Amino acid sequence: MTTTENAARPAEIQAIHQVVAAVEAAQQAKDPDAFLSLFHPDALWTTGAGVVLIGLDAISEFTREVLPGATWDGRVSYTVTHIQFLRPDVAAVKVSQVYHLADGPGDEGVPLYVMTKQDDGRWLLTACQNTQVRTA
């Protein structure tokens, strides 16, 4: 993992890693509430299939429809590959995402999460692009 200005912000980097770990845990559990708790109320989300969702209500409707019934077996890994602080309270976070199937790796993604630090110190997903990796 690479990080821009990492020595200056170890607590922030740890908090960002915790958000990504929480995304992974919510996806593995197929838990919409846990997943949705990680978003800013005015968040923008573009799915791996290119569906643009604006605001937590739209993200919630989509997530509650697709996540609980997802057909993959629930094993997914999210690894932070780069963090770049755009401001002290805004970070661009590049992630490697792999869905695991019983017989090996499945779909891969390379999401970009723009996270914002809230007044209470929490980092939330604010503008996200979940890009699927095409192998052919």
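Let's start with Arg 9, which sits in the loop between strand S1, residues 2–3, and helix H1. Before going on, please keep in mind that this is a predicted model. Is Arg 9 buried or exposed? Its relative accessible area is 16%, and because the cut-off for buried is under 20%, Arg 9 counts as buried. Who are its contacts? Leaving aside residues up to four places away in sequence, Arg 9 touches Phe 85 and Pro 88.

Now let's step from that loop into H1 itself. This helix has 20 residues, and from its first C-alpha to its last it reaches 28 Å, close to the 28 Å expected at 1.5 Å a residue. Which residues of H1 are buried? They are Glu 12, Ile 13, Ala 15, Ile 16, Val 19, Val 20, Val 23, Ala 26 and Gln 27. As you look at that list, here is a helpful rule: an α-helix has 3.6 residues a turn, so residues three or four places apart point the same way. Try following Ile 16, Val 19 and Val 23 on the screen, which are among the buried ones. After the helix comes Lys 30, and its phi is positive, near 55°.

On to the strands. Strand S2 covers residues 39–46 and runs parallel to strand S8, residues 123–129, with four bridges joining the two. One pair to find is Leu 44, whose bridge partner in S8 is Ala 127. S2 is also joined to strand S3, residues 52–54, by three bridges, and here the strands run antiparallel. In this pairing, Trp 45 stands opposite Leu 53 of S3. S2 and S3 form a hairpin with five residues between the strands, and in that hairpin Gly 50 takes a positive phi near 90°.

Last stop, the largest pocket. How much space lies in it? About 610 Å³. There are 25 lining residues, and those nearest the centre are Gln 27, Thr 47, Gly 48, Tyr 99 and Asn 130. You have met Gln 27 already, as one of the buried residues of H1. The elements giving two or more residues to the lining are H1, helix H3 at 56–66, strand S5 at 90–101 and strand S6 at 104–109. Which element gives the most? That is S6, with four residues. Sorted by class, the lining has 13 nonpolar residues, 10 polar ones and two charged ones.

So, if you take one thing to look at again, follow H1: Arg 9 lies in the loop between S1 and this helix, and H1 is among the elements that line the largest pocket. Thanks for listening!

How values were computed
Residues numbered from 1 in each chain as written. Predicted model: local features only at pLDDT ≥ 70, side-chain atom pairs only at ≥ 80, totals over all residues. Heavy atoms only, no water. 1 Å grid on protein atoms, 1.4 Å probe; cavity = no way out; pocket = protein on both sides within 12 Å on 5 of 7 lines; lining within 4 Å. Points joined across faces, edges and corners; volume = space filled by probe spheres on them. Nonpolar A, V, L, I, M, F, W, Y, C, P; charged D, E, K, R; others polar. Expected span 1.5 Å × (residues − 1). Buried < 20%, exposed > 50% of the residue type's maximum accessible area, 1.4 Å probe, protein only. Pairing = 2+ DSSP bridges. Contact = heavy atoms within 4.5 Å.
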